Amino acid sequence: MRFLHTSDWHLGRSFHRVGLLDAQAAFLDHLVATVRYRDVDAVLVAGDVYDRAVPSLPAVELFDRALHRLAEAGVPTVMISGNHDSARRLGVGAGLLGRAGIHLRTDPDGVGTPVLLADDHGEVALYGLPYLEPALVRERLGAAKSGHEAVLTAAMDRVRADLATRPAGTRSVVLAHAFVAGGASSDSERDITVGGVAAVPAGVFDGVDYVALGHLHGAQTLTPRVRYSGSPLAYSFSEVDHRKTTWLIDLGADGGITAAERVDCPVPRPLARLRGRLDDLLDDPAHERHEDSWIEATLTDAVRPREPMARLAERFPHTLSLVFEPERADTGSLASYAQRLRGRSDRQIAEDFVSHVRPGGTLDPAERSVLYGAFDDIRVEAATTEREGGR
(Lines give C-alpha, C1' and ligand atoms only; values in the text may rest on other atoms or scores of the structure.)
Protein backbone atom coordinates (compact mmCIF):
# COMPACT_ATOMS: atom_id res chain seq x y z
CA MET A 1 0.00 0.00 0.00
CA ARG A 2 1.34 3.40 -0.96
CA PHE A 3 0.96 6.44 1.31
CA LEU A 4 1.64 10.11 0.68
CA HIS A 5 2.83 11.56 4.01
CA THR A 6 2.57 15.33 4.49
CA SER A 7 2.05 17.75 7.38
CA ASP A 8 2.31 21.33 8.61
CA TRP A 9 0.45 23.07 5.82
CA HIS A 10 -0.17 26.10 8.08
CA LEU A 11 -2.86 27.41 5.75
CA GLY A 12 -3.24 31.16 6.15
CA ARG A 13 0.32 31.80 7.29
CA SER A 14 2.44 34.56 5.80
CA PHE A 15 6.20 34.87 5.39
CA HIS A 16 7.50 38.16 6.81
CA ARG A 17 4.17 39.81 5.93
CA VAL A 18 4.15 38.28 2.43
CA GLY A 19 0.93 36.33 1.89
CA LEU A 20 1.40 32.68 0.97
CA LEU A 21 -2.12 31.61 0.02
CA ASP A 22 -1.23 31.39 -3.68
CA ALA A 23 1.85 29.30 -2.86
CA GLN A 24 -0.21 27.07 -0.57
CA ALA A 25 -2.81 26.64 -3.32
CA ALA A 26 -0.01 25.65 -5.72
CA PHE A 27 1.20 23.06 -3.22
CA LEU A 28 -2.29 21.59 -2.89
CA ASP A 29 -2.54 21.41 -6.70
CA HIS A 30 0.77 19.52 -6.63
CA LEU A 31 -0.49 17.24 -3.85
CA VAL A 32 -3.65 16.28 -5.75
CA ALA A 33 -1.63 15.71 -8.94
CA THR A 34 0.80 13.46 -7.06
CA VAL A 35 -2.10 11.48 -5.61
CA ARG A 36 -3.58 10.98 -9.07
CA TYR A 37 -0.43 10.20 -11.03
CA ARG A 38 1.68 8.27 -8.51
CA ASP A 39 -0.96 5.65 -7.64
CA VAL A 40 -1.31 6.79 -4.04
CA ASP A 41 -3.61 4.62 -1.91
CA ALA A 42 -4.02 7.02 1.03
CA VAL A 43 -2.94 10.53 2.06
CA LEU A 44 -1.61 11.09 5.60
CA VAL A 45 -1.73 14.65 6.99
CA ALA A 46 0.07 14.80 10.34
CA GLY A 47 -1.34 18.01 11.82
CA ASP A 48 -1.09 21.80 11.69
CA VAL A 49 -3.48 22.05 8.80
CA TYR A 50 -4.12 25.69 9.72
CA ASP A 51 -1.72 28.22 11.17
CA ARG A 52 -4.09 29.40 13.89
CA ALA A 53 -7.02 28.13 15.91
CA VAL A 54 -9.39 30.59 14.22
CA PRO A 55 -8.24 30.61 10.59
CA SER A 56 -9.06 33.28 8.05
CA LEU A 57 -11.92 32.73 5.63
CA PRO A 58 -9.59 32.44 2.60
CA ALA A 59 -7.63 29.72 4.44
CA VAL A 60 -10.84 27.82 5.23
CA GLU A 61 -11.98 28.11 1.61
CA LEU A 62 -8.61 26.77 0.41
CA PHE A 63 -8.90 23.82 2.79
CA ASP A 64 -12.48 23.16 1.67
CA ARG A 65 -11.44 23.04 -2.00
CA ALA A 66 -8.60 20.65 -1.15
CA LEU A 67 -10.97 18.29 0.66
CA HIS A 68 -13.38 18.26 -2.28
CA ARG A 69 -10.59 17.44 -4.71
CA LEU A 70 -9.18 14.67 -2.55
CA ALA A 71 -12.65 13.18 -2.16
CA GLU A 72 -13.22 13.39 -5.93
CA ALA A 73 -9.92 11.55 -6.49
CA GLY A 74 -11.36 8.63 -4.54
CA VAL A 75 -8.24 8.28 -2.39
CA PRO A 76 -8.80 8.09 1.39
CA THR A 77 -7.24 10.85 3.50
CA VAL A 78 -6.42 10.53 7.21
CA MET A 79 -5.80 13.84 8.95
CA ILE A 80 -5.03 14.82 12.55
CA SER A 81 -5.04 18.17 14.33
CA GLY A 82 -1.76 19.80 15.39
CA ASN A 83 -0.84 22.28 18.09
CA HIS A 84 -1.70 25.23 15.80
CA ASP A 85 -5.16 23.86 14.99
CA SER A 86 -8.35 24.08 16.97
CA ALA A 87 -9.13 20.38 17.35
CA ARG A 88 -12.85 21.04 17.84
CA ARG A 89 -13.16 23.36 14.84
CA LEU A 90 -11.14 21.12 12.55
CA GLY A 91 -13.18 18.12 13.65
CA VAL A 92 -16.57 19.63 12.85
CA GLY A 93 -18.37 17.37 10.40
CA ALA A 94 -15.88 14.52 10.84
CA GLY A 95 -18.59 11.87 10.66
CA LEU A 96 -20.04 13.20 7.43
CA LEU A 97 -16.61 13.76 5.87
CA GLY A 98 -15.64 10.20 6.76
CA ARG A 99 -18.33 8.96 4.37
CA ALA A 100 -16.49 10.78 1.60
CA GLY A 101 -13.18 9.18 2.56
CA ILE A 102 -11.80 12.16 4.53
CA HIS A 103 -11.06 10.83 8.01
CA LEU A 104 -10.45 13.57 10.59
CA ARG A 105 -8.93 12.44 13.88
CA THR A 106 -9.03 15.31 16.38
CA ASP A 107 -10.49 13.70 19.54
CA PRO A 108 -7.98 12.15 22.00
CA ASP A 109 -10.62 9.61 23.04
CA GLY A 110 -10.45 8.08 19.56
CA VAL A 111 -6.73 7.31 19.42
CA GLY A 112 -7.38 3.57 19.65
CA THR A 113 -10.00 3.50 16.90
CA PRO A 114 -8.33 3.07 13.51
CA VAL A 115 -9.31 3.86 9.96
CA LEU A 116 -9.24 0.47 8.25
CA LEU A 117 -8.04 0.19 4.65
CA ALA A 118 -7.36 -2.97 2.69
CA ASP A 119 -5.30 -4.17 -0.27
CA ASP A 120 -4.50 -7.58 -1.75
CA HIS A 121 -2.47 -8.48 1.34
CA GLY A 122 -5.12 -7.71 3.95
CA GLU A 123 -6.01 -4.81 6.23
CA VAL A 124 -3.98 -1.78 7.26
CA ALA A 125 -5.04 -0.02 10.49
CA LEU A 126 -4.32 3.71 10.54
CA TYR A 127 -4.41 5.37 13.98
CA GLY A 128 -4.59 9.15 14.37
CA LEU A 129 -2.97 10.72 17.45
CA PRO A 130 -3.83 14.43 17.37
CA TYR A 131 -1.62 16.87 19.26
CA LEU A 132 -2.01 15.89 22.92
CA GLU A 133 -1.71 18.77 25.40
CA PRO A 134 -0.62 16.86 28.53
CA ALA A 135 -2.52 18.90 31.13
CA LEU A 136 -5.77 18.53 29.16
CA VAL A 137 -5.64 14.85 28.23
CA ARG A 138 -3.65 13.14 30.99
CA GLU A 139 -6.71 12.00 32.95
CA ARG A 140 -8.71 11.13 29.83
CA LEU A 141 -5.94 8.84 28.60
CA GLY A 142 -5.03 7.48 32.02
CA ALA A 143 -1.41 8.61 31.74
CA ALA A 144 0.81 7.65 34.67
CA LYS A 145 2.17 11.20 35.01
CA SER A 146 2.20 14.55 33.24
CA GLY A 147 4.33 15.34 30.21
CA HIS A 148 4.36 14.56 26.50
CA GLU A 149 6.09 11.20 26.84
CA ALA A 150 3.52 9.99 29.38
CA VAL A 151 0.44 10.97 27.37
CA LEU A 152 1.88 9.64 24.10
CA THR A 153 2.77 6.37 25.85
CA ALA A 154 -0.81 6.11 27.13
CA ALA A 155 -2.16 6.83 23.65
CA MET A 156 0.14 4.23 22.09
CA ASP A 157 -0.92 1.69 24.72
CA ARG A 158 -4.45 2.08 23.38
CA VAL A 159 -3.17 1.68 19.82
CA ARG A 160 -1.28 -1.51 20.68
CA ALA A 161 -4.25 -2.89 22.64
CA ASP A 162 -6.56 -2.41 19.66
CA LEU A 163 -3.99 -3.81 17.24
CA ALA A 164 -3.72 -6.95 19.39
CA THR A 165 -7.40 -7.66 18.69
CA ARG A 166 -6.92 -7.51 14.91
CA PRO A 167 -6.25 -10.53 12.71
CA ALA A 168 -2.66 -11.71 12.60
CA GLY A 169 -0.69 -9.88 9.94
CA THR A 170 -2.68 -6.65 10.16
CA ARG A 171 -0.30 -3.83 9.25
CA SER A 172 -0.34 -0.58 11.19
CA VAL A 173 0.35 3.12 10.68
CA VAL A 174 0.29 5.90 13.28
CA LEU A 175 -0.03 9.63 12.60
CA ALA A 176 1.25 11.84 15.43
CA HIS A 177 2.05 15.50 16.01
CA ALA A 178 4.94 15.73 18.46
CA PHE A 179 8.59 16.65 18.99
CA VAL A 180 10.45 13.34 18.86
CA ALA A 181 14.04 13.08 20.10
CA GLY A 182 16.57 13.23 17.30
CA GLY A 183 14.57 15.66 15.20
CA ALA A 184 16.07 19.02 14.20
CA SER A 185 13.87 22.06 14.87
CA SER A 186 13.65 25.48 13.21
CA ASP A 187 12.58 28.99 14.26
CA SER A 188 9.09 28.67 12.79
CA GLU A 189 7.72 25.93 15.06
CA ARG A 190 5.72 26.91 18.12
CA ASP A 191 7.28 25.72 21.37
CA ILE A 192 5.39 22.74 22.87
CA THR A 193 7.66 22.28 25.90
CA VAL A 194 5.83 21.16 29.04
CA GLY A 195 7.45 20.86 32.44
CA GLY A 196 10.87 21.51 30.93
CA VAL A 197 10.71 18.53 28.54
CA ALA A 198 9.86 18.88 24.86
CA ALA A 199 11.14 15.78 23.07
CA VAL A 200 9.87 12.22 23.47
CA PRO A 201 11.88 9.12 22.51
CA ALA A 202 11.09 7.40 19.23
CA GLY A 203 10.67 4.16 21.17
CA VAL A 204 7.27 5.43 22.35
CA PHE A 205 5.99 4.33 18.92
CA ASP A 206 7.36 0.78 19.01
CA GLY A 207 5.03 -1.91 17.73
CA VAL A 208 3.70 -0.29 14.56
CA ASP A 209 4.94 -0.46 10.99
CA TYR A 210 5.12 3.23 10.09
CA VAL A 211 4.88 6.51 12.04
CA ALA A 212 3.95 9.64 10.05
CA LEU A 213 5.08 12.59 12.15
CA GLY A 214 4.22 16.27 12.03
CA HIS A 215 5.41 19.39 13.90
CA LEU A 216 9.04 19.83 12.81
CA HIS A 217 9.35 21.68 9.51
CA GLY A 218 12.31 19.81 8.04
CA ALA A 219 11.85 16.42 6.34
CA GLN A 220 13.72 13.91 8.51
CA THR A 221 14.20 10.17 8.93
CA LEU A 222 14.57 9.26 12.60
CA THR A 223 14.40 5.54 11.79
CA PRO A 224 13.26 3.85 8.57
CA ARG A 225 9.81 3.53 10.18
CA VAL A 226 9.63 6.94 11.91
CA ARG A 227 9.73 10.03 9.70
CA TYR A 228 8.84 13.71 9.56
CA SER A 229 7.54 14.97 6.24
CA GLY A 230 8.26 18.60 7.14
CA SER A 231 6.27 21.60 5.96
CA PRO A 232 5.64 22.00 2.22
CA LEU A 233 6.78 25.65 2.31
CA ALA A 234 9.44 27.54 4.23
CA TYR A 235 7.99 29.63 7.05
CA SER A 236 11.19 31.22 8.39
CA PHE A 237 14.70 31.97 7.14
CA SER A 238 15.99 29.23 9.46
CA GLU A 239 14.60 26.83 6.83
CA VAL A 240 16.88 28.21 4.11
CA ASP A 241 18.64 24.87 3.68
CA HIS A 242 15.50 22.73 3.78
CA ARG A 243 14.45 20.72 0.76
CA LYS A 244 10.66 20.86 0.94
CA THR A 245 9.09 17.52 0.08
CA THR A 246 6.43 14.97 0.91
CA TRP A 247 7.16 11.30 1.58
CA LEU A 248 5.91 8.60 -0.76
CA ILE A 249 5.97 5.44 1.38
CA ASP A 250 5.36 1.89 0.14
CA LEU A 251 4.26 -0.55 2.85
CA GLY A 252 4.93 -4.16 1.93
CA ALA A 253 2.83 -7.25 2.57
CA ASP A 254 4.74 -8.03 5.77
CA GLY A 255 4.67 -4.44 7.08
CA GLY A 256 8.16 -3.58 5.91
CA ILE A 257 8.96 -0.27 4.18
CA THR A 258 9.76 -1.41 0.64
CA ALA A 259 10.31 2.10 -0.76
CA ALA A 260 10.56 5.67 0.56
CA GLU A 261 10.79 8.55 -1.91
CA ARG A 262 10.88 12.29 -1.33
CA VAL A 263 8.63 14.16 -3.75
CA ASP A 264 9.68 17.80 -4.19
CA CYS A 265 7.12 20.52 -3.51
CA PRO A 266 6.77 23.65 -5.65
CA VAL A 267 9.04 26.50 -4.45
CA PRO A 268 7.36 29.92 -4.74
CA ARG A 269 10.68 31.75 -4.35
CA PRO A 270 14.08 30.56 -3.04
CA LEU A 271 15.46 31.89 0.26
CA ALA A 272 18.90 33.36 0.89
CA ARG A 273 20.72 34.66 3.94
CA LEU A 274 23.38 37.22 3.06
CA ARG A 275 25.94 38.66 5.46
CA GLY A 276 28.50 41.41 5.04
CA ARG A 277 28.98 45.14 4.65
CA LEU A 278 26.31 46.83 2.60
CA ASP A 279 28.60 47.95 -0.22
CA ASP A 280 30.02 44.44 -0.53
CA LEU A 281 26.55 42.90 -0.76
CA LEU A 282 25.58 45.37 -3.47
CA ASP A 283 28.76 44.84 -5.52
CA ASP A 284 29.68 41.17 -5.11
CA PRO A 285 28.93 39.30 -8.38
CA ALA A 286 28.63 36.03 -6.42
CA HIS A 287 25.25 37.22 -5.14
CA GLU A 288 23.76 37.53 -8.62
CA ARG A 289 21.99 34.17 -8.20
CA HIS A 290 20.09 35.56 -5.20
CA GLU A 291 18.68 38.64 -6.89
CA ASP A 292 15.23 37.06 -7.25
CA SER A 293 15.25 35.37 -3.83
CA TRP A 294 13.59 36.32 -0.59
CA ILE A 295 16.48 37.82 1.36
CA GLU A 296 17.49 38.10 4.98
CA ALA A 297 20.45 40.49 5.04
CA THR A 298 22.76 40.83 8.03
CA LEU A 299 24.82 44.01 7.76
CA THR A 300 28.19 44.08 9.51
CA ASP A 301 29.09 47.73 8.81
CA ALA A 302 30.70 49.36 11.85
CA VAL A 303 28.42 52.38 11.34
CA ARG A 304 24.78 51.93 10.33
CA PRO A 305 24.57 52.75 6.59
CA ARG A 306 22.20 55.36 5.21
CA GLU A 307 18.86 53.96 3.91
CA PRO A 308 20.04 50.34 3.93
CA MET A 309 16.72 48.73 3.02
CA ALA A 310 16.10 51.02 0.06
CA ARG A 311 19.62 50.47 -1.25
CA LEU A 312 19.38 46.69 -0.83
CA ALA A 313 16.04 46.66 -2.64
CA GLU A 314 17.66 48.15 -5.72
CA ARG A 315 19.58 44.91 -6.25
CA PHE A 316 17.47 42.52 -4.15
CA PRO A 317 13.85 43.65 -4.57
CA HIS A 318 12.54 40.84 -2.37
CA THR A 319 14.52 41.71 0.75
CA LEU A 320 12.25 40.93 3.72
CA SER A 321 14.47 41.01 6.79
CA LEU A 322 17.30 43.31 7.81
CA VAL A 323 19.59 42.57 10.77
CA PHE A 324 22.47 44.71 12.08
CA GLU A 325 25.53 43.05 13.62
CA PRO A 326 28.39 45.59 13.52
CA GLU A 327 31.88 44.14 13.36
CA ARG A 328 33.28 45.40 16.64
CA ALA A 329 35.46 43.96 19.35
CA ASP A 330 32.60 43.23 21.77
CA THR A 331 30.20 41.75 19.25
CA GLY A 332 28.67 39.53 21.88
CA SER A 333 27.16 42.47 23.75
CA LEU A 334 26.07 44.22 20.55
CA ALA A 335 24.24 41.31 18.94
CA SER A 336 20.69 42.22 17.99
CA TYR A 337 17.88 41.31 20.36
CA ALA A 338 16.33 39.04 17.73
CA GLN A 339 19.66 37.33 17.14
CA ARG A 340 20.15 36.67 20.86
CA LEU A 341 16.70 35.11 21.12
CA ARG A 342 16.85 33.06 17.94
CA GLY A 343 16.33 29.36 18.61
CA ARG A 344 15.46 29.86 22.29
CA SER A 345 12.14 28.74 23.78
CA ASP A 346 9.84 31.00 25.78
CA ARG A 347 10.89 29.20 28.97
CA GLN A 348 14.58 29.72 28.28
CA ILE A 349 14.05 33.40 27.57
CA ALA A 350 12.09 33.87 30.80
CA GLU A 351 14.66 31.95 32.84
CA ASP A 352 17.51 34.03 31.42
CA PHE A 353 15.59 37.22 32.17
CA VAL A 354 14.97 36.28 35.81
CA SER A 355 18.61 35.32 36.26
CA HIS A 356 19.74 38.60 34.68
CA VAL A 357 17.60 41.07 36.64
CA ARG A 358 18.05 39.77 40.17
CA PRO A 359 21.06 38.83 42.28
CA GLY A 360 21.84 35.19 42.86
CA GLY A 361 22.60 33.88 39.37
CA THR A 362 20.69 30.96 37.91
CA LEU A 363 17.39 29.61 39.25
CA ASP A 364 17.44 26.78 41.74
CA PRO A 365 15.28 23.67 41.05
CA ALA A 366 12.33 24.93 43.13
CA GLU A 367 12.28 28.29 41.37
CA ARG A 368 12.59 26.64 37.98
CA SER A 369 9.64 24.39 38.82
CA VAL A 370 7.51 27.42 39.71
CA LEU A 371 8.48 29.17 36.47
CA TYR A 372 7.76 26.13 34.32
CA GLY A 373 4.47 25.59 36.14
CA ALA A 374 3.42 29.14 35.31
CA PHE A 375 4.07 28.52 31.62
CA ASP A 376 2.11 25.27 31.73
CA ASP A 377 -0.82 27.06 33.44
CA ILE A 378 -0.86 29.73 30.73
CA ARG A 379 -0.86 27.07 27.99
CA VAL A 380 -3.74 25.20 29.66
CA GLU A 381 -5.73 28.41 30.15
CA ALA A 382 -5.26 29.35 26.49
CA ALA A 383 -6.20 25.87 25.29
CA THR A 384 -9.24 25.74 27.56
CA THR A 385 -10.43 29.18 26.42
CA GLU A 386 -10.09 28.13 22.77
CA ARG A 387 -11.88 24.83 23.44
CA GLU A 388 -14.82 26.63 25.03
CA GLY A 389 -15.18 28.94 22.05
CA GLY A 390 -13.18 31.94 23.22
CA ARG A 391 -10.51 33.69 21.24
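Which residue in β12 stands opposite Thr-223? Val-226 does. The model is predicted. This briefing covers an open sheet of six strands, then helices α5 (residues 134-141) and α1 (residues 21-37).

**The sheet**

- The strand order is β7-β8-β9-β10-β12-β11, and the pairing is mixed.
- β7 (115-119) and β11 are the edge strands, each pairing on one side only.
- From one strand to the next, the twist averages 20°.
- Helix α6 (residues 148-164) packs on this sheet, where α6 touches β8 (122-129) and β9 (171-177).
- The direction of α6 makes about 160° with that of β8.

**Strand β12 and its two partners**

- On one side, β12 (residues 226-228) runs antiparallel to β11 (residues 220-223), with three bridges joining the two strands.
- A hairpin of two residues links β11 to β12.
- Thr-223 and Val-226 face each other across this pair.
- β12 also runs parallel to β10 (residues 210-214), again through three bridges.
- Here Leu-213 has Tyr-228 in β12 as its bridge partner.

**Helix α5**

- Three residues of α5 are buried: Pro-134, Val-137 and Leu-141.
- Viewed down the axis of α5, these buried residues fall within an arc of 90°, so they line one face of the helix.
- Spacing explains such a pattern: an α-helix has 3.6 residues a turn, so residues three or four places apart point the same way.
- The buried residues of α5 pack against α6, the helix that itself packs on the sheet.
- Exposed Ala-135 and Glu-139 sit on the face of α5 turned away from its buried side.
- Gly-142 comes just after α5 and takes a positive phi of about 70°.

**Helix α1**

- α1 has 17 residues.
- From first C-alpha to last, α1 reaches 24 Å, close to the 24 Å expected at 1.5 Å a residue.
- The buried residues of α1 are Ala-23, Gln-24, Phe-27, Leu-28, His-30, Leu-31, Val-32, Thr-34 and Val-35.
- Strands that help cover these buried residues include β1 (2-6), β4 (42-46), β13 (245-251) and β14 (257-264).
- Helix α2 (57-73) is also part of that cover.
- Asp-39 follows α1 and has a positive phi, near 55°.

Methods. Residues are numbered from 1 along each chain as its sequence is written. This is a predicted model: local features need pLDDT of at least 70, side-chain atom pairs count only at pLDDT 80 or more; totals for chains, interfaces and linings use all residues. Side-chain values use heavy atoms; hydrogens and water are left out. Two strands pair if DSSP finds at least two bridges between them. Helices (H or I, at least four residues) and strands (E, at least two) are DSSP runs, numbered from the N terminus. Axes are lines fitted to C-alpha atoms, for helices over the stretch in contact, and angles run from 0 to 180 degrees between N-to-C directions. Contact means heavy atoms within 4.5 Å. Buried means under 20% relative accessible area, exposed over 50%, partly exposed in between (1.4 Å probe, protein chains only). The arc is that of the directions from the helix axis to the C-beta atoms. The expected span of a helix is 1.5 Å times one less than its number of residues.
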